[in-house]
Amino acid sequence: MALAIACATQFICVLDVSIVNVALPAMRTDLSLSPVGLQWVVNGYTLTFAGFLLLGGRAADLLGRRNVFIAGLALFTLASLAAGCAQEGWQLVAARVVQGLGGAVLAPTALSLITTTFTEPAARARALAVLTGAAGAGGALGGVIGGVLTGLLNWRWVFFVNVPLGALLVVGALTALPAAVRQPLRGRLDLPGSATVTTGTAALVAAIVVSEQRGWTSASTLLLLAVAVLLLTAFVLRERRAAHPLVPLAVFRVRSLALANGLSALIGGVLPATMFFLSLHLQQVLGMSPLRAGLALLPSAVGIAAGAWAASRLVARGAKATFIGGCLLSGVSLAWLSGIDPDAGYALPVAVPLFTAMFGFGVSGLPLTVAATSGVGPHWAGLASGLLNTAKQVGGAVGLAALVTIAATRTAGLTGGGAPEDVATTSGFGTALLVGAAIMVLAALGGSALPRASRGRARPEPVAGT
């Protein structure tokens, strides 16, 4: 039951990053949203989700995973209801910000619930495989579910769908999750550290978002980057001196955790960029409706689920080899996808390599989760989960912005040279997908530094100030 609750929670948290994409035109019409306001419907969730992950993970460690989980779930559900009922653009954006806060509490807490509930290595690997598959399916199915709900009902249901599911999960968590044993609180929540890392991370993601509109050399982008650097530097200095740090710097001495976070940040933007480009290709170039485009993306969800299932079997034979194999399969498949053509159709140029690419992503996700959480013990489980999710979100924002810029630059160059718009657009997508393939190959090379197997031992709990 704990696994089912955690998987469903992880699914809806990741789903809500992308489920709104297909519904954005309808939202703009109903609420008279400006282009900037429309962008903040997406980014309001992303910013708070990425910015508060570390705080959410550490709060679960210190205040009790069950209580923090239920509070985050209730907040997420109520914010979803408010978003669906919004009558003004600012109300929708505000609800999305609160949704992101709830998701930032839920995502690391759900992962830490699994790592502390399943203590036997083989059982933990299987549980993490299911959880990784649920998260990957949430990312892949965002466009599918958003297209179906918007096409058959209206855009409000991309938020309303969370309400009954959230209510059921709250009831399930109250009845099925064990109440925490009351123990003396070891440490306090580092509020100054929380404020600096949250604001610094949000400033970094905001700089990336603004750069898509105004460029990397604009004053607003450079100002946000400077604020991010200053705040994150202040955070590191604070954590070195704090008696009860939010992120004890000693955690980065766990080699598997540090490597997993770096690799997660590297490849974090490739999967969402792939789905972004293909969603646009199906609608703008192949002329599909939102409903048909959503259904055409189904191979991605099937591929990720199948890859996660395969990873649960393969990781026992070697996490390193499993990660490298998954990255290489995704790299080859993305290189295949990069050859998309306006006249080539859907089945062989899109559906088949989309399935195999997502299968590779599903295979490679579990080894990183295992590596990030296996060497830290229960006292750092929420922190490790928050770090991994933060690396994935920030890396995803950076990677997506970079790949979108590459695609736009290529498209603009061809359009300026007189190429037809559909040819130029497809070529831009293909160039970015080819860069994504190179990133996956680079990640496979980096994966050679991962430890061959988890030793299954937790480090002793650190004393205050370490």
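**Exercise 1.** Which backbone oxygen does the side chain of Ser-80 reach, and at what distance?

*Solution.* The model is predicted. Start with the location: Ser-80 is part of helix H5 (residues 65-84). Next, take the partner: the side chain of Ser-80 reaches the backbone oxygen of Phe-76, at 2.9 Å. Then check the exposure: Ser-80 has 0% relative accessibility and therefore counts as buried, the limit for buried being under 20%.

**Exercise 2.** Classify Ser-34 as buried, partly exposed or exposed, and state where it lies.

*Solution.* Ser-34 sits in the loop between helix H2 (24-31) and H3. Its relative accessibility is 39%. Partly exposed covers the range between under 20% and over 50%, so Ser-34 counts as partly exposed. A further distance concerns Gly-89: the C-alpha atoms of Ser-34 and Gly-89 are separated by 8.7 Å, with the two residues 55 residues apart along the chain.

**Exercise 3.** Decide whether the rings of Tyr-45 and Phe-49 are stacked or edge-to-face.

*Solution.* A search of the whole structure gives 5 aromatic pairs. Two quantities describe a pair of aromatic rings: the distance of the centres and the angle of the planes. For Tyr-45 and Phe-49, the ring centres are 5.6 Å apart and the planes stand at 15°. Planes under 30 degrees apart count as stacked, so the pair of Tyr-45 and Phe-49 is stacked. Along the chain, Tyr-45 and Phe-49 are 4 residues apart in helix H3 (residues 35-51), so about one helical turn separates them. Both Tyr-45 and Phe-49 are buried.

**Exercise 4.** Repeat the classification for Trp-157 and Phe-160.

*Solution.* The centres of these two rings are 5.5 Å apart, and the angle between the planes is 80°. Over 60 degrees counts as edge-to-face, and the pair of Trp-157 and Phe-160 is edge-to-face. Both residues lie in helix H8 (residues 157-160), 3 residues apart, which is about one turn of the helix. Trp-157 has a relative accessible area of 37% and is therefore partly exposed.

**Exercise 5.** Describe how helix H16 packs against helix H17.

*Solution.* Take the geometry: H16 (residues 319-337) and H17 (residues 347-373) pack at an angle of about 160°, and their axes are 7 Å apart. Angles over 145 degrees count as roughly antiparallel, so H16 is roughly antiparallel to H17. The crossing of H16 past H17 is left-handed. Last, sort the contact by class: the contact of H16 with H17 has 19 nonpolar residues, 7 polar residues and no charged residues.

How values were computed. Residues are numbered from 1 along each chain as its sequence is written. This is a predicted model: local features need pLDDT of at least 70, side-chain atom pairs count only at pLDDT 80 or more; totals for chains, interfaces and linings use all residues. Side-chain values use heavy atoms; hydrogens and water are left out. Axes are lines fitted to C-alpha atoms, for helices over the stretch in contact, and angles run from 0 to 180 degrees between N-to-C directions. Helices (H or I, at least four residues) and strands (E, at least two) are DSSP runs, numbered from the N terminus. Angles under 35 degrees count as roughly parallel, over 145 as roughly antiparallel, 65 to 115 as roughly perpendicular and the rest as oblique. A crossing is left-handed if the near helix is turned anticlockwise from the far one by less than a right angle, and right-handed if clockwise. Ala, Val, Leu, Ile, Met, Phe, Trp, Tyr, Cys and Pro count as nonpolar, Asp, Glu, Lys and Arg as charged, and the others, Gly among them, as polar. Rings of Phe, Tyr and Trp (its six-membered ring) pair if their centres lie within 6.5 Å; planes under 30 degrees apart count as stacked, over 60 as edge-to-face and the rest as tilted. Buried means under 20% relative accessible area, exposed over 50%, partly exposed in between (1.4 Å probe, protein chains only). A polar contact is a pair of N or O atoms within 3.5 Å; within protein, one must be able to donate a hydrogen and the other to accept it, and residues adjacent in sequence count only if both atoms are side-chain atoms.
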